[in-house]
Amino acid sequence: MNMEQMSLFDNRETTSPLAARLRPETLQDYVGQKHLIGEGRILRRLIEEDNISSMIFWGPPGVGKTTLARIIAKHTNAKFVEFSAVTSGIKEIKEVMAEAEQNRKMGVRTLLFADEIHRFNKAQQDAFLPYVERGSIILVGATTENPSFEINSALLSRCKVFILKALGEQDLYELLKHALQSPKGLGNTQIAIEDSHISAIARFANGDARTALNTLEMAVCNGRMNEDAVLCVDDEILSQCMNRRSLLYDKNGEEHYNLISALHKSMRNSDPDAAVYWMYRMLDGGEEPLYIARRLIRFASEDVGMADSDALPLAVAAYQACHFLGMPECDVHLAHAVVYLSMAPKSNAIYTACQECRADIRELPAEPVPLHICNAPTELMKKMDYGKGYIYAHDTDEKLTKMKCLPESLQGRRYYRPGGQGRERQVKERLKQILDWKDN
């Protein structure tokens with residue numbers, strides 16, 4: 001980069017990242033989330049009336065959770081304290097809480113902002129609870145994770161949850177145009193960039209304002225200076241700055257469960273195209289291929305079952321192939337299994353049998369094993385009629401007996417009810433023959 005280009009970034013006003021320099025300070029400058037802070041909306045009214053109660057902002061990265069919390073801090077008369085889950089332990093929390101309690105007695109509220117509140121452990125979250133309950137603090141938490149999973153239920157019940165949405169392409173386009181024009185951003189520099197390039201960055205950012213602004217800043221930083229001292233951003237520079245699409249994925253968070261659910265339900269719906277897509281979305285996000293393979297093994301019995309018993313060994317083989325090869329080579333083995341399972345005939349009869357049997361075991365008394373199917377390894381047990389009346393099925397011509405093997409209270413209970421798909425049709429016919437023979 002030549003000296004003219006370096007001068008773009010060497011003054012005091014531009015030493016911080018573009019996203020930080022352009023962080024809105026008022027509701028009027030805030031981009032997106034009109035369902036929350038549009039005119040007349042409840043959160044906007046609460047902020048403008050300085051009537052804030054404890055709340056959680058839940059949404060994907062780069063949609064303005066922290067920015068909104070700081071705007072609230074500017075509008076409220078409360079003392080503002082920012083906490084980090086990484087640097088704040090129980091001791092620090094208790095010290096701040098004690099000060100907040102003293103402030104409350106003097107009529108001063110404390111607004112405590114906990115960024116990435118899902119990273120606070122249970123003990124740290126518990127430390128907030130009594131002070132939130134007494135009103136010593138107004139807790140404002142920001143999280144990318146589903147609060148239902150990551151925040152203590154007692155604390156969550158005392159907070160209003162506001163869901164922030166990913167920004168639309170038009171929102172991001174306008175934000176990028178503002179960045180190019182604002183003196184706080186890149187407005188003091190002559191930059192040549194086509195509208196199509198700005199739109200491409202907005203699409204690439206996938207709803208994340210921070211990603212959009214960082215990508216723009218990188219593209220401008222690497223732009224070529226022409227003879228008129230104009231920084232030019234061309235296709236080649238832009239493609240280098242967007243060499244990998246930013247797909248939201250957190251292996252431990254809600255999106256993890258959303259994507260595995262999408263894969264499972266696409267296979268269940270016999271949609272191989274959707275199933276392969278969701279599988280690759282997980283791999284692209286860095287998911288461990290063996291995790292996906294384990295889910296396929298489960299699916300093979302839960303949703304295919306006896307309709308195609310080859311599904312289970314094939315899924316196990318896919319797991320072994322992934323173990324042997326790893327990424328990136330094992331993607332084809334996963335795709336093989338995903339397509340097979342998608343196209344296989346479906347039956348949940350095994351799964352239903354497990355669910356109903358589990359419910360009976362949980363809800364009914366634990367019945368003793370009928371004596372005639374108990375082993376009798378000792379003389380005493382034989383004298384107590386262990387094994388008495390047992391008939392060895394292989395000694396009969398039909399290879400069947402009419403012995404009752406369920407406890408007396410469960411006689412006639414049917415857990416496995418085969419369907420009529422695939423090979424399970426033959427199993428259904430076989431089971432009917434057995435039951436008819438035993439009933440005669």
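## A nonpolar surface patch

Four residues, Val369, Ile373, Tyr390 and Tyr392, make up a nonpolar patch on the surface, and together they offer about 390 Å² of accessible area. Keep in mind as you look around that this is a predicted model.

Within the patch, Ile373 sits in the loop that links helix H19 (349–363) to helix H20 (379–383). Its relative accessible area is 32%, so Ile373 ranks as partly exposed.

## Cysteines without bonds

How many disulfides are there? The count comes to 0 disulfides. Cys232 takes part in none, and the nearest cysteine sulfur, belonging to Cys241, lies 15 Å away. Cys232 is partly exposed, at a relative accessible area of 25%.

Why is Cys241 not bonded to Cys221? The closest cysteine sulfur to that of Cys241 is indeed the one in Cys221, but the distance is 8.8 Å, which is too far for a bond, because a disulfide needs the two sulfur atoms within 2.5 Å. Cys241 counts as buried, with 11% relative accessibility.

## Helix H5 under cover

Now for a helix that is mostly covered: in H5 (residues 65–75), 8 of the 11 residues are buried. These are Lys65, Thr66, Thr67, Leu68, Ala69, Ile71, Ile72 and Ala73.

What covers the buried residues of H5? The cover includes two helices, H3 (34–37) and H4 (42–48), along with the strands S1 (55–58), S2 (79–84), S3 (110–115) and S4 (137–143).

How values were computed:
Residues numbered from 1 in each chain as written. Predicted model: local features only at pLDDT ≥ 70, side-chain atom pairs only at ≥ 80, totals over all residues. Heavy atoms only, no water. Patch = residues over 30% accessible without salt bridge, like charges linked within 9 Å, V, L, I, M, F, W, Y side chains within 5 Å. Areas by Shrake-Rupley, 256 points an atom, 1.4 Å probe, with all protein chains shown as cover. Salt bridge = Lys/Arg side-chain N within 4 Å of Asp/Glu carboxyl O. Helix = DSSP H or I, 4+ residues; strand = E, 2+ residues; numbered from the N terminus. Buried < 20%, exposed > 50% of the residue type's maximum accessible area, 1.4 Å probe, protein only. Contact = heavy atoms within 4.5 Å.
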